[in-house]
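The exercises below are meant to be worked with the sequence and the model side by side. Try each task before reading its solution.

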Amino acid sequence: MEWIKPGTNIDFVGQRLYFFIGSLIAIGLSVLSFLWPGPNWGIDFAGGTEIRVRFAKPTDIGQIRGVVDNLGLGETQIQNLKPALAEQQKENQDFLIRVEEPAGEEDAGTAHAGKLISEKLSEKFGKDSFQILTVNYVGPKVGKELRVSGVKALIYAMLGILVYVAFRFEFSYALGAVLAVFHDAIISAGFYNVVQREWSLVIIAGLLTIIGYSVNDTIVIFDRIRENIRRGRRGNLRQLINQSINETLSRTILTNFATFLAIIALTIFGSGVIRDFSILMTFGMVVGTYSTIYIASSLVLVFEDLRGRKTGAERPKKL
Amino acid sequence: MPSNLRWKLILISALTAAAVFLCVPSLMWDYQNNVSRMPDWWRQVKILPIRAVVLGLDLQGGMHLVVGVDTEEAVKNDLTQMKDSIHDWLRSEKVAVEEIKLNPDNQIEIAYPDLANKDKGREKVQRYYGMVLHEASSSSTLKMIYDLDAKQANEYRSNAVRQVMETLTSRIDEFGVAEPSIQKQGANRIVLQLPGIKEEDRSRVLNIIQRTAKLEFMLVDNVASTKEALLAASGGVAPLGKRLVPEINDQTGQITAWYLLREEPKISGTYLVDARMQSGGRMDMGGYDVSFQFNLEGARIFSRITGEHIGQNLAIVLEDKVKSAPVIKDRIFDRGVIEGRFTPEEASDLAIVLRAGALPVSIKVEEERTVGPTLGKDLIARGQLGAFISIAAVVVFMVLYYSAGGLIADLAVFLNVLFIFAALASLRATLSLPGIAGIALTVGMAVDANVIIFERMREEMRAGKAIRSAVDTGYQRSLWTILDANITTLIAAAILFQVGTGPVRGFAVTLTIGLVSSVFTSIVFTKTIYELLHFLYKGKLEKLRIGMKPIGSN
């Protein structure tokens with residue numbers, strides 16, 4: 001098979017202005033998505049108690065709500081967890097009960113809400129009619145720290161990439177690569193806000209993975225640009241960049257398609273956090289591939305221009 | 001066969017065999033009961049591996065707790081002690097002191113009646129206590145204010161954390177948890193990983209961990225049903241050297257009485273050597289009691305106090321609540337009973353915490369993640385299914401796109417997965433649910449290197465190169481591309497490992513291992529296979545199929 005025919009020559013760089021504008025709009029919208037509809041913070045970041053219960057028989061969510069709402073635990077949410085594809089259990093058996101951390105009652109703590117809910121449920125439904133599958137409690141202090149460390153992780157990752165790429169290539173390349181992955185991370189986050197799935201620690205892991213994969217693709221193109229310059233191919237920097245993107249296009253598409261296949265399978269068959277992770281990754285892979293082809297290398301050209309390098313000259317300076 | 005190729009084959013076979021060996025214990029591990037099913041003869045041969053891949057608590061089921069230690073309380077406690085000790089010492093040195101107190105800023109304030117006493121006291125305090133004079137105290141005032149040395153304060157804090165850790169470790173041991181892990185995190189946190197805790201034990205464990213288990217025996221001065229009645233004589237506040245303590249009904253949680261207790265003489269639970277639950281002594285009450293035993297020193301103090309105060313009431317105060325206050329009928333030496341109409345679990349848990357000792361400061365559970373065993377099993381099954389299907393999808397795609405070449409890449413993928421499991425087992429790394437997703441993703445990375453190589457080979461072949469040289473150039477030119485690409489991804493994985501905890505860290509581990517081993521399998525392994533094929537076809541490997549039409553045949 002050969003999806004991308006040899007000799008393909010699409011002018012990716014020439015259209016850069018349109019793609020820059022499109023990406024800027026997407027970034028702007030993603031930033032706005034943190035205000036509206038706003039991120040759906042899970043307990044990892046918001047703090048609170050989350051209990052997952054499985055009933056032996058299908059149970060009405062209203063009945064459970066009746067029990068939990070009268071405990072005076074502050075804001076509670078009950079969610080009916082739909083069984084994922086090919087999952088054994090039937091509908092209306094798994095529920096997620098989430099209790100917000102009541103403001104000012106720091107000491108109420110984990111034993112309090114968790115114990116109270118399981119006691120009251122067994123009073124109402126009988127002790128053997130349900131099982132507590134998981135209990136998660138994150139105190140307000142920890143939640144805040146996790147948020148900070150998540151943002152730090154993303155910043156450190158980008159700094160690390162900046163340094164490595166600057167060392168292996170040049171500063172313009174490093175900046176192009178980092179801005180491209182920043183673009184990927186923020187747009188993926190915006191997408192995640194729009195679909196309103198829950199932010200958890202695994203989502204931070206997902207964003208870092210998106211960054212890792214996207215920069216991987218970008219490096220492959222940079223490498224080809226360097227090789228083409230070294231081998232003294234004809235053309236100015238703009239032409240060489242475009243040529244390099246085209247030459248590696250097949251690889252970019254194929255690799256991402258293969259990883260995409262893996263992610264899609266996880267999206268369909270995974271459950272819980274794995275599914276959230278895979279949904280984010282599916283989108284992130286697409287954005288990552290886009291930025292690799294349309295944004296990263298074009299940015300290099302822009303930065304080289306800004307730094308006063310003669311990008312129009314034949315035979316650019318060797319890297 | 002060229003010796004170069006022979007050595008590569010030997011290296012690869014040896015690594016593969018080692019990886020298979022390392023994986024055997026995991027295949028033979030009984031994850032239900034967490035025991036190895038390896039035969040005895042295997043275990044007797046010491047060099048054979050017996051470590052299995054450790055499942056994270058999210059898959060295995062168990063409790064993950066992050067406990068915050070109130071280190072400021074520790075500083076305060078130690079300062080109070082220091083203040084008392086300074087006071088005693090100045091008194092014994094005949095230095096007159098008007099007032100000595102600990103202010104809310106953790107400073108010790110000493111007020112002297114005159115300058116002569118101040119100079120004397122100041123010299124003594126300076127020399128024997130590592131206190132730092134606060135700048136506010138000038139030479140003309142009679143009041144001296146001392147700050148605690150920052151280094152000293154940090155020592156108090158870390159001591160408190162260490163003591164809490166020791167106490168929690170022995171409590172968990174006494175409760176009986178298989179392979180718990182208790183570690184310090186940051187300056188004032190302790191992480192407890194307790195695998196295999198059953199649902200019904202969850203709240204007991206939380207209880208055992210969080211209670212201070214402070215036990216005191218104090219003489220009763222007065223009892224009343226309300227606070228006000230008790231304090232009427234002393235003007236609404238507890239008189240000096242006395243403490244107000246409530247008695248609480250365990251069933252209803254109501255305060256049943258207030259006790260005014262004497263601070264001195266007092267004996268605390270630190271002298272306990274043993275505590276056991278026993279069935280209730282009093283017939284009418286039912287339930288269980290906890291009996292205890294003092295060590296020699298404790299027995300000496302206890303018998304002196306009880307001997308001197310026969311006929312008075314001695315209150316047993318547990319965690320600042322009066323449990324009971326029986327009349328001392330006779331001198332008691334080293335044994336006693338805490339009566340409380342406990343359930344068997346309550347009595348056994350109380351015995352555990354008393355044996356393990358009191359916590360020096362209060363602690364708080366700041367994070368809890370408990371996974372029941374049922375969900376873990378579900379998740380493993382679904383995680384395996386998802387990972388299996390995603391790997392299968394990639395493998396099939398590679399063969400469809402690159403035909404025979406894809407097959408070789410797929411072999412590399414299998415080898416990669418094998419290496420990941422072998423590395424997980426031998427490094428004692430933890431496999432978490434996100435970790436399983438990480439393995440599936442690594443497969444994407446593993447084929448990536450081969451895609452880079454194949455695409456390069458196709459280019460070279462289109463340029464008219466012979467297969468052998470196309471393969472060589474393909475590998476040669478792709479090497480640094482692959483390394484650069486993987487190193488940048490490794491940077492992200494390493495940061496994830498640093499920042500993440502629990503399952504997320506498990507993901508970072510599998511991703512990192514997978515990246516490293518994929519570089520090996522996709523470069524060294526597949527190259528060797530090509531060389532082997534080349535050798536087997538005696539240099540006539542003309543039709544290597546990497547899924548494109550042979551050049552010039554259309």
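**Exercise 1. Place the domains of chain B and describe its overall spread.**

Solution. Begin with the distance between two domains: the C-alpha centres of domain 2 of chain B and domain 3 of chain B lie 33 Å apart. Chain B is divided into domain 1 (3–61 + 372–536), domain 2 (71–151) and domain 3 (211–370), with bounds that come from an automatic or database domain assignment. Before going further, note that this is a predicted model, in which local features need pLDDT of at least 70 and side-chain atom pairs count only at pLDDT 80 or more, while totals for chains, interfaces and linings use all residues. Residues are numbered from 1 along each chain as its sequence is written, and chains are lettered from A and ligands numbered from 1 in the order in which they are written.

Next, count the elements: chain B has 14 helices and 20 strands, where helices (H or I, at least four residues) and strands (E, at least two) are DSSP runs numbered from the N terminus. The radius of gyration of chain B, taken over C-alpha atoms, is 35 Å, well over the 24 Å that the globule rule (2.2 Å times the number of residues to the power 0.38) gives for 554 residues, so chain B is more spread out than a compact globule. Its C-alpha atoms fill a box of roughly 110 × 70 × 45 Å along the principal axes.

Finally, 41% of the 554 residues of chain B count as buried; a residue is buried if 20 or more other C-beta atoms, placed from the backbone, lie within 10 Å of its own, exposed if 12 or fewer, and partly exposed in between.

**Exercise 2. Work out the order of the four-stranded open sheet of chain B and find its edges.**

Solution. The order of this sheet is β5-β6-β8-β7 of chain B, with antiparallel pairing, and two strands pair if DSSP finds at least two bridges between them. Strands β5 and β7 (131–133) of chain B stand at the edges with a single partner strand each, so one side of each is left without a neighbour in the sheet. From one strand to the next, the twist averages 30°.

Within the sheet, β6 (residues 107–111) and β8 (residues 143–148) of chain B pair in the antiparallel sense over five bridges, and B:Glu109 stands opposite B:Ile145 in β8(B). Helix α4(B) lies across β5, β6 and β8 of chain B and runs at about 170° to β5(B), an angle that runs from 0 to 180 degrees between N-to-C directions, with axes fitted to C-alpha atoms, for helices over the stretch in contact.

**Exercise 3. Trace the pairings of β10(B).**

Solution. On one hand, strand β4 (residues 62–69) of chain B is joined to β10 (residues 189–195) of chain B by seven bridges, and the two run antiparallel; B:Leu65 stands opposite B:Leu192 here. On the other hand, β9 (residues 181–185) of chain B pairs with β10(B) in the antiparallel sense over five bridges, with B:Lys184 opposite B:Ile190. β9(B) and β10(B) form a hairpin with three residues between them, and B:Gly186 in the turn has a positive phi of about 65°.

**Exercise 4. Which backbone angles deserve a second look?**

Solution. Most residues other than glycine have a negative phi, and most peptide bonds are trans. B:Lys94, in the loop between α4 (71–92) and β5 (99–103) of chain B, has a positive phi near 60°, and this lysine is exposed, with 8 other C-beta atoms within 10 Å. B:Ala213 also has a phi near 60°, but B:Ala213 counts as buried, with 23 C-beta neighbours inside 10 Å.

Turning to the peptide bonds, the one from A:Trp36 to A:Pro37 is cis, with omega near 0°, and the one from B:Glu264 to B:Pro265 is cis, with omega near -10°.

**Exercise 5. Describe how chain A meets chain B.**

Solution. The contact, counted where C-beta atoms placed from the backbone lie within 7 Å, takes 57 residues from chain A and 58 residues from chain B. On the side of chain A, the largest share, 13 residues, comes from α7(A). The residues of that side divide into 34 nonpolar, 16 polar and seven charged, where Ala, Val, Leu, Ile, Met, Phe, Trp, Tyr, Cys and Pro count as nonpolar, Asp, Glu, Lys and Arg as charged, and the others, Gly among them, as polar.

Strands also pair across the chains: β5(A) and β19 (residues 363–371) of chain B do so in the antiparallel sense over five bridges, and the bridge partner of A:Thr134 in β19(B) is B:Val371.

Terms used:
Two residues are in contact if their C-beta atoms, placed from the backbone, lie within 7 Å.
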